[in-house]
Amino acid sequence: MSARIINGKEISDTIRREIREEVERLSGRGIRPGLVVILVGEDPASQVYVRNKAKACEDLGYHSEVVRLPADTTQDELLHLIAKYNEDPKINGILVQLPLPKHIAEKPVIDAISVDKDVDGFHPISVGNLMIGDDSLLPCTPAGVIELLKRTGNSPAGKHAVVVGRSNIVGKPVSMLLLRENATVTVCHSRTPDLPAVARQADILIVAVGVPKLVKRDWVKPGAVVIDVGINRLEDGKLAGDVDYEDVLETAGWITPVPGGVGPMTITMLMANTLKSCKRANGID
Ligand code: NDP
């Protein structure tokens with residue numbers, strides 16, 4: 001039997017409807033969530049991401065600001081701008097689009113963002129809060145993965161989740177979130193021996209590697225839930241995930257397509273984080 005498709009676009013649309021309803025309720029009290037996206041330089045992929053984030057804000061009725069800075073902006077200039085937005089009451093979320101030009105170090109920039117406005121969830125205090133299980137703004141892609149699982153009735157509780165990839169933005173945080181959701185979690189990476197055998201133990205297999213079509217049918221336990229975080233541009237211009245979708249389709253129980261799986265969830269979770277930060281700033285639970 002063919003796997004059931006996890007439709008990230010549909011789930012993302014549902015969450016956006018929920019957010020919109022809440023934004024309307026807040027607007028009756030004169031409250032409006034606000035997000036600023038700061039882009040340094042002209043990276044074409046980043047330009048697209050920034051446009052999409054601004055559009056999502058517009059669709060949801062958020063206050064939105066986009067700051068486009070030239071590639072030769074200094075680190076100090078960027079830090080000053082962040083300091084200004086940290087104090088701006090109209091702004092609940094500050095997102096600095098990565099990657100930054102080489103002459104700007106990422107860490108001091110991420111550290112400079114107020115934890116309360118850290119809607120990317122990359123600040124060390126947000127990461128620490130995630131680790132110890134305190135309330136925090138969660139990194140968007142990992143939070144999106146958990147939403148996909150829960151909203152398709154695939155609760156991680158009691159399941160064996162195998163995560164392939166250990167990056168700070170996907171692999172590690174998604175592992176912590178799965179643990180928080182009471183899964184038993186195995187984290188794999190480029191030095192894991194016999195990866196297919198480890199992956200085959202998974203009830204839930206999360207792949208965030210960046211190698212197109214790495215995961216084949218013999219990596220997947222029959223009936224397993226397969227979440228493909230990978231987004232890879234092939235030579236023919238098409239997008240492919242880290243999972244060989246066609247090959248795995250008959251073996252998996254559930255699977256996310258690429259595009260249309262995890263991808264649409266990331267910006268939606270950014271919007272959810274901005275709303276959460278806005279409610280907190282206004283003393284609303
Ligand atoms: P990174 O390059 O930061 O990390 C990749 C991880 O995969 C590393 O831990 C690396 O291991 C591991 N890895 C690499 N090759 C192999 C291999 N052959 N076997 C096993 N493990 C391997 O990538 P990201 O986490 O940032 O991104 C992963 C993918 O997800 C990319 O395709 C990216 O485009 C996509 N992505 C999608 C998002 C979305 O919105 N859907 C958001 C973010 C990322 P090691 O640590 O040992 O080097």
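The stretch from residue 6 to residue 120 is 49% helix and 16% strand, and its end C-alpha atoms lie 24 Å apart. Helices (H or I, at least four residues) and strands (E, at least two) are DSSP runs, numbered from the N terminus. In UniProt, an unreviewed entry annotates residues 6-120 as "domain: Tetrahydrofolate dehydrogenase/cyclohydrolase catalytic". UniProt positions follow the numbering used here, feature names are shortened, and annotations may be inferred rather than shown by experiment.

Before going on, please note that this is a predicted model, in which local features need pLDDT of at least 70 and side-chain atom pairs count only at pLDDT 80 or more, while totals for chains, interfaces and linings use all residues. Residues are numbered from 1 along each chain as its sequence is written, and side-chain values use heavy atoms, with hydrogens and water left out.

A second UniProt feature, also from an unreviewed entry, is "domain: Tetrahydrofolate dehydrogenase/cyclohydrolase NAD(P)-binding" at residues 139-281. Over residues 139-281 the chain is 35% helix and 17% strand, with 19 Å between the end C-alpha atoms. There is also a division of the protein chain into domain 1 (29-114) and domain 2 (140-264), whose bounds come from an automatic or database domain assignment. The C-alpha centres of domain 1 and domain 2 lie 29 Å apart.

Let us look at the sheets. An open sheet of three strands has the order S3-S2-S4, with parallel pairing; two strands pair if DSSP finds at least two bridges between them. Strand S3 (63-69) and strand S4 (93-96) each have a single partner strand, so one side of each is left without a neighbour in the sheet. On average, neighbouring strands of this sheet are turned by 15° against each other, direction ignored. For such angles, axes are lines fitted to C-alpha atoms, for helices over the stretch in contact, and angles run from 0 to 180 degrees between N-to-C directions.

Helix H2 (residues 44-60) packs on this sheet and touches S2, S3 and S4, its direction making about 160° with that of S3. Helix H10 (residues 263-281) packs on the sheet too, touching S2 and S4, and its direction makes about 125° with that of S2. Contact here means heavy atoms within 4.5 Å.

Now follow the strands themselves. S2 and S3 pair in the parallel sense over seven bridges, and leucine 39 stands opposite arginine 68 in S3. On its other side, strand S2 (residues 34-40) pairs with S4 over four bridges, again in the parallel sense, and leucine 35 stands opposite glycine 93 in S4. In a regular strand the side chains alternate between the two faces of the sheet. Look for this in S3: His63, Glu65, Val67 and Leu69 form a covered face, while Ser64, Val66 and Arg68 form an uncovered one.

Which residues does isoleucine 91 contact, leaving aside its neighbours within four places in sequence? They are Gly34, Leu35, Val36, His63, Glu65, Tyr85 and Lys117. Isoleucine 91 sits in the loop between helix H3 (75-86) and S4, and it is buried, with a relative accessible area of 1%. Buried means under 20% relative accessible area, exposed over 50%, and partly exposed in between (1.4 Å probe, protein chains only). Aspartate 88 is in the loop between H3 and S4 as well, and it counts as buried at 12% relative accessibility.

A further open sheet, of six strands, has the order S1-S11-S8-S7-S5-S6, with parallel pairing. Its edge strands are strand S1 (4-5) and strand S6 (184-188), each pairing on one side only. Helix H7 (residues 171-180) lies across S5, S6 and strand S7 (204-207), running at about 170° to S5.

Finally, turn to the interior. The largest nonpolar core has 49 residues, and those with the most contacts inside it include Ile19, Tyr62, Ile206 and Met271. A nonpolar core is a set of buried Ala, Val, Leu, Ile, Met, Phe, Trp, Tyr and Cys residues joined through side-chain atoms within 4.5 Å. H10 gives the largest share of this core, seven residues. Because domain 1 (29-114) and domain 2 (140-264) both give residues to this core, it lies between them.
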